[in-house]
Amino acid sequence: MKFRRNIIITGGAGFIGSHVVRLFVNKYPEYRIINVDKLTYAGNLANLKDVELAENYSFEKADICDYAQMSQLMSDYSVDGIIHLAAESHVDRSIKDPFAFAYTNIIGTLTLLQAAKLYWESTEEKYEGKLFYHISTDEVFGALEMDGTMFTEETKYNPHSPYSASKASSDHFVRAFHDTYGMPTILTNCSNNYGPYQFPEKLIPLFIHNICQRKPLPVYGKGENVRDWLYVVDHARAIDVIFHKGKVADSYNIGGFNEWKNIDLIKVMIKTVDKLLGNPDGYSLDLITYVTDRAGHDLRYAIDSSKLKNELGWEPSLQFEEGIEKTVRWYLENQDWLDNITSGEYEKYYEEMYKNR
Ligand code: NAD
Ligand code: TYD
């Protein structure tokens, strides 16, 4: 079968990637979607059970740092679009093992860029009709004070953690490939995502899991850091709009205009989980446990996504209270998914990570 487009989505077995794959496979039967994922601890094909048999979906277990593999995939599938999400994504892990982040996030992105460059330059149409879309984070901009300011597309990069430093570096390489070789690139910086299929080392799924298990909820520092939360399906919708209508060489901020102080968010989660489990109001508040702060913990992130709204008409579709209830319900109804992940290897990692706190 001949497809109108052949698009590689890297990191499609991860949290956000699986939502992007699902959206594209279902919405665009005329596109072939090739999910390229190494299946690290964070990659899980169970996230894509509902689309794995679709005719326009293929999975390739491959490492974005492997140049030969990436080149082969470009030509085997005549790839004309890349949506690049594969990364090491957890700040706490980056503090323990910065090299893994430099390797995957910087060398992996560079490898993919170079493989795309050489393949696209070898085709008759060269860069015509091609696009390399890189998914980045608001964390590259650094930290804001509690003063109402927000990150815009013009904010200077000022990363603090090894994670954000590696993402910033990969963003620079993407821009360099446009400026130096004329590769059509687009880049987006998104705020914190939440929703189904998020690996339970991140705040929201970890805390839902721990509340259900009556385990302590490790709040870093005083719980006063602020994050701007976006429902993951809204991020996938934004990626769809930008992939199709975004201006080449441009960047867009994606965010929910939805800032929460960690401790306030945690209390909303506790209330929601207790309600859905039939516990009395306030039942799980005693699980809150203040622990040593994360090293270099960024105080506040807040994204101004008005450019995306004004130029491309995207807006978040869900209010936070609705999104968090939907999310909690999903984790409660998908205990098997959570149990599989929280057994074995991950449990060992988790114990190691928290034993000194
Ligand atoms: P995730 O950790 O859930 O998933 C990452 C995926 O990448 C996994 O499936 C993993 O197997 C795969 N992967 C890792 N190394 C690989 C390699 N060398 N080769 C091939 N595949 C590899 O991450 P996520 O939270 O879904 O984030 C996806 C992207 O979005 C990342 O680039 C991240 O920086 C960015 N982002 C995340 C958030 C967030 O809140 N989660 C916010 C903004 C931006
Ligand atoms: P996280 O989900 O790791 O995302 P990020 O660090 O990329 O923003 O953390 C969100 C916030 O929650 C962040 O301020 C750190 C805090 N946090 C805790 O207080 N306890 C935890 O166990 C975790 C994982 C995070």
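**Salt bridges, cores and a ligand shell**

Lys309, with a relative accessibility of 41%, counts as partly exposed, because this value falls between the 20% below which a residue is called buried and the 50% above which it is called exposed. The structure in which this residue sits is a predicted model, and every value that follows was computed from it. The side chain of Lys309 forms a salt bridge with that of Glu315, with a distance of 3.7 Å from N to O, and Glu315, at 43% relative accessibility, is likewise partly exposed.

A second salt bridge joins the side chains of Lys130 and Glu125, where N and O are 3.2 Å apart. Are the two residues of this pair buried or partly exposed? Lys130 has a relative accessible area of 7% and is therefore buried, whereas Glu125, at 45%, is partly exposed.

A third salt bridge, with an N to O distance of 3.6 Å, brings together the side chains of Lys38 and Asp63. This pair connects distant parts of the chain, since its two residues are 25 residues apart: Lys38 belongs to the loop between strand E2 (31-37) and strand E3 (57-61), and Asp63 to the loop between E3 and helix H2 (67-76). Lys38 has a relative accessible area of 43%, which means that it is partly exposed. Salt bridges can also join into a network, as they do for Asp147, Glu259 and Arg300, and the count of salt bridges in the model comes to 20.

The loop between E2 and E3 also holds Leu39, whose backbone deserves a careful look. Most residues other than glycine have a negative phi. Leu39, however, is not a glycine and has a positive phi, near 55°, and with a relative accessible area of 27% it is partly exposed. Arg214 is another residue that has a positive phi, about 55°, without being a glycine. Arg214 is found in the loop between helix H6 (203-213) and strand E8 (217-220), and its relative accessible area of 37% makes it partly exposed.

From these loops we can turn to the nonpolar cores. The largest of them has 66 residues, and those with the most contacts inside it are Ile9, Phe24, Ile83, Tyr133, Ile242 and Ile254. Another core, which lies apart from this one, has 33 residues, including Val36, Leu112, Tyr119 and Ala168.

The last stop is ligand 1, which has 29 residues around it, and of these Ile16, Asp37, Ser89, Tyr163 and Lys167 come nearest. Sorted by class, this shell is made of 13 nonpolar, 11 polar and 5 charged residues. Which helices and strands each supply at least two residues of the shell? They are helix H1 (15-27), strand E5 (131-137), helix H5 (162-181) and strand E7 (192-194), and E5 gives the largest share, 3 residues.

Some contacts of ligand 1 can be followed atom by atom. One of its oxygen atoms lies 2.7 Å from an N or O atom in the side chain of Ser89, while for Gly14 the partner is a polar backbone atom, 2.9 Å from an oxygen atom of the ligand. Phe15 also takes part through its backbone, where a polar atom is 3.1 Å from an oxygen atom of ligand 1. Of the 840 Å² of accessible area that ligand 1 has on its own, the protein covers 97%.

Conventions:
Residues numbered from 1 in each chain as written. Chains lettered and ligands numbered in written order. Predicted model: local features only at pLDDT ≥ 70, side-chain atom pairs only at ≥ 80, totals over all residues. Heavy atoms only, no water. Near = heavy atom within 4 Å. Polar contact = N/O pair within 3.5 Å; in protein donor to acceptor, adjacent residues only side chain to side chain. Areas by Shrake-Rupley, 256 points an atom, 1.4 Å probe, with all protein chains shown as cover. Helix = DSSP H or I, 4+ residues; strand = E, 2+ residues; numbered from the N terminus. Nonpolar A, V, L, I, M, F, W, Y, C, P; charged D, E, K, R; others polar. Core = buried A, V, L, I, M, F, W, Y, C linked by side-chain atoms within 4.5 Å. Buried < 20%, exposed > 50% of the residue type's maximum accessible area, 1.4 Å probe, protein only. Salt bridge = Lys/Arg side-chain N within 4 Å of Asp/Glu carboxyl O.
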